[in-house]
Amino acid sequence: MTDRIKQYIELAKSLMGKKRFTHSMNVADMCFKLATIHGEDSVKAYTAGVLHDIHKEIDPELMKQEVLASDMNVDPVELDTQKLWHGIAGAYFCKTELKIEDEDILNAIRYHTVGRANMSKLEKIGYLGDLVSMERDYPEGEKFRRYTMEDLDNGMFEAMKWSIPNTIGKGGKIPLCSMDCYNFYWKYRK
Ligand SMILES: [Fe+2]
Ligand SMILES: [Fe+2]
């Protein structure tokens, strides 16, 4: 493990509660595993996993300021939905404060809650690693883990097919990038 990753882990530990820190470490492990299986850079995948929720527990006002400052194609629905701010805020923080320049890592963090069409392999690993990390024990977890190990594109299709109605069922709104994501990965369904 590089010194830089050790610093990111310490930073994550300092910015979130114990439960979310455990989740972040599990997501990093899962992203590493998925990168190994699917031929992606495992250090980049692990880094995105450690940092994906880095600003999820900060003051919401500061989070919103980061979203507004980010210039990261923020959808009106994202702006309207506090739960969706932390991916954008986290990516902005990683870019401006941690000086991470790798656009792929930044996008994996930025889109890990909402998805989008035509994601890079690292973005799909970030999204799905968060969905299927080991502590996720909802009924569909095992099924999504299997889909994701087998095929990232079908994994994205199955993930969006499940998460969009799930959000609507709770009375939530769907950003256009998530609908685009579902429509894009529909052709990869199995
Ligand atoms: Fe998240
Ligand atoms: Fe997460």
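Hi everyone, let's start with one residue, Cys 31. Leaving aside its neighbours within four places in sequence, Cys 31 is in contact with Ala 45, Tyr 46, Ala 48 and Gly 49, and also with Ile 125, Gly 126 and Gly 129. Please keep in mind that this is a predicted model.

Where does Cys 31 sit in the wider picture? It belongs to the largest nonpolar core, which has 45 residues. Cys 31, Ala 45, Leu 128 and Met 156 are the ones with the most contacts inside that core.

Now let's step back to the whole chain. What is it built from? There are 11 helices and 0 strands, so to speak an α at every step as you read from the N terminus. Of the 190 residues, 42% count as buried. Among contacts between residues at least 6 apart in sequence, 61% join residues at least 24 apart.

How about the overall dimensions? The C-alpha trace spans about 40 × 35 × 30 Å along its principal axes. A compact globule with 190 residues would have a radius of gyration near 16 Å, and the chain, at 15 Å, agrees with that.

Let me finish with one helix, α11, which covers residues 176-185. Which of its residues are buried? They are Ser 178, Cys 181 and Tyr 185. Seen down the axis of α11, these buried residues fall within an arc of 55°, so they line one face of the helix. The general background is helpful here: an α-helix has 3.6 residues a turn, so residues three or four places apart point the same way. And what do the buried residues of α11 pack against? Their partner is α10, residues 152-169. Thanks for listening!

Conventions: Residues are numbered from 1 along each chain as its sequence is written. Chains are lettered from A and ligands numbered from 1 in the order in which they are written. This is a predicted model: local features need pLDDT of at least 70, side-chain atom pairs count only at pLDDT 80 or more; totals for chains, interfaces and linings use all residues. A residue is buried if 20 or more other C-beta atoms lie within 10 Å of its own, exposed if 12 or fewer, and partly exposed in between; C-beta atoms are placed from the backbone. Helices (H or I, at least four residues) and strands (E, at least two) are DSSP runs, numbered from the N terminus. The arc is that of the directions from the helix axis to the C-beta atoms. Two residues are in contact if their C-beta atoms, placed from the backbone, lie within 7 Å. The radius of gyration is taken over C-alpha atoms; the globule rule is 2.2 Å times the number of residues to the power 0.38. A nonpolar core is a set of buried Ala, Val, Leu, Ile, Met, Phe, Trp, Tyr and Cys residues joined through C-beta atoms within 7 Å.
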